[in-house]
Amino acid sequence: MDTWGRPAPRTAFGELEHDLRMHRWFQAGERELLDDAGALRIYDDPLNDDQGSTMHLLGTCRTEKDPATSMTDRYHCAHGWPNLFIVEGSSFVTSGRGQSTLTIQAAAFHAADHLSQFAERNQI
């Protein structure tokens with residue numbers, strides 16, 4: 001229940017063992033590359049089960065045309081919910097190198113543009 005006594009979702013997160021093995025493999029490869037390049041100091045961050053400690057969480061509300069396989073359409077509007085827009089990293093099925101902040105901002109501008117058009121046409 002939330003603060004006002006209404007039902008609220010409960011979410012849980014845990015890294016899968018194969019994901020942690022993959023991260024350890026990448027970490028070992030990165031260490032080898034740095035050693036070969038002559039790095040004087042190498043710091044390994046610990047890999048653990050803390051939310052977001054190893055990666056950005058993406059893909060839980062993926063964007064596609066087909067409502068059977070995705071949560072949002074190309075405007076980041078939830079299928080079947082014309083007034084619900086989900087604009088953050090969960091709509092991406094994957095990410096490029098580095099932070100996804102600028103891509104999220106671009107998606108937000110795209111969604112906002114279409115949201116205002118939908119509102120002008122009384123579609124939401």
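This briefing describes helices, salt bridges, cysteines and selected residues of one structure. The structure is a predicted model, in which local features need pLDDT of at least 70 and side-chain atom pairs count only at pLDDT 80 or more, while totals for chains, interfaces and linings use all residues. Residues are numbered from 1 along each chain as its sequence is written, and side-chain values use heavy atoms, with hydrogens and water left out. The structure holds three salt bridges and zero disulfides.

**Helix α1**

- Helices here are DSSP runs of H or I with at least four residues, strands are runs of E with at least two, and both are numbered from the N terminus.
- The expected span of a helix is 1.5 Å times one less than its number of residues.
- For the 20 residues of α1 this gives 28 Å, which agrees with the 29 Å between its end C-alpha atoms.
- Three terms describe accessibility: buried is under 20% relative accessible area, exposed is over 50%, and partly exposed is in between (1.4 Å probe, protein chains only).
- Asp19, Leu20 and His23 are the buried residues of α1. They lie on the same side of α1, because they cover an arc of only 95° around the axis. The arc is taken from the directions from the helix axis to the C-beta atoms.
- Arg21, Trp25, Glu32 and Asp36 are exposed on the other side of α1.
- Gly38, just after α1, has a positive phi of about 90°.

**Salt bridges**

- A salt bridge is a side-chain nitrogen of Lys or Arg within 4 Å of a carboxyl oxygen of Asp or Glu.
- Side chains of opposite charge can pair when their charged atoms come close.
- Arg24 and Glu17 form a salt bridge through their side chains, at 3.3 Å from N to O. Arg24 is partly exposed, at 39% relative accessible area, and Glu17 is partly exposed at 43%.
- Asp44 and Arg31 form a salt bridge at 2.9 Å, N to O. Asp44 lies in the loop between α1 (17-36) and α2 (101-120) and Arg31 lies in helix α1, so the pair ties together parts that are 13 residues apart in sequence. The relative accessible area is 39% for Asp44, which is partly exposed, and 30% for Arg31, also partly exposed.
- Arg62 and Glu64 form a salt bridge at 3.4 Å, N to O. Arg62 is partly exposed at 32%, and Glu64 is partly exposed at 30%.

**Cysteines**

- A disulfide is a covalent bond between the sulfur atoms of two cysteines. The cut-off used here is a pair of cysteine sulfur atoms within 2.5 Å, and the structure holds zero such pairs.
- Cys61 counts as buried, with 17% relative accessibility.
- Cys77 is buried, with a relative accessible area of 7%.

**Two residues in the loop between α1 and α2**

- A polar contact is a pair of N or O atoms within 3.5 Å; within protein, one must be able to donate a hydrogen and the other to accept it, and residues adjacent in sequence count only if both atoms are side-chain atoms. Contact means heavy atoms within 4.5 Å.
- His76 lies in the loop between α1 and α2 and is buried, at 8% relative accessible area. Although His76 is not a glycine, it has a positive phi of about 70°.
- The side chains of His76 and Ser91 are joined by a polar contact of 3.3 Å. Not counting residues up to four places away in sequence, His76 touches residues including Thr63, Leu84, Phe85, Ala107 and Ala111.
- Ser90 is also placed in the loop between α1 and α2, and counts as buried at 4% relative accessibility.
- The side chain of Ser90 makes a polar contact of 2.4 Å with the side chain of Glu88. Leaving aside neighbours within four places in sequence, Ser90 is in contact with Leu58, Gly59, Thr60, Cys61 and Arg62.

**Helix α2 and the segment after it**

- Ile104 lies in helix α2 and is partly exposed, at 22% relative accessible area.
- Ile104 and Glu88 are 16 residues apart in sequence and 5.5 Å apart in space, C-alpha to C-alpha.
- Leaving aside neighbours within four places in sequence, Ile104 is in contact with Val87, Glu88, Gly89 and Phe92.
- Asn122 is found in the segment after α2 and is exposed, with a relative accessible area of 69%. Asn122 has a positive phi of about 55° although it is not a glycine.
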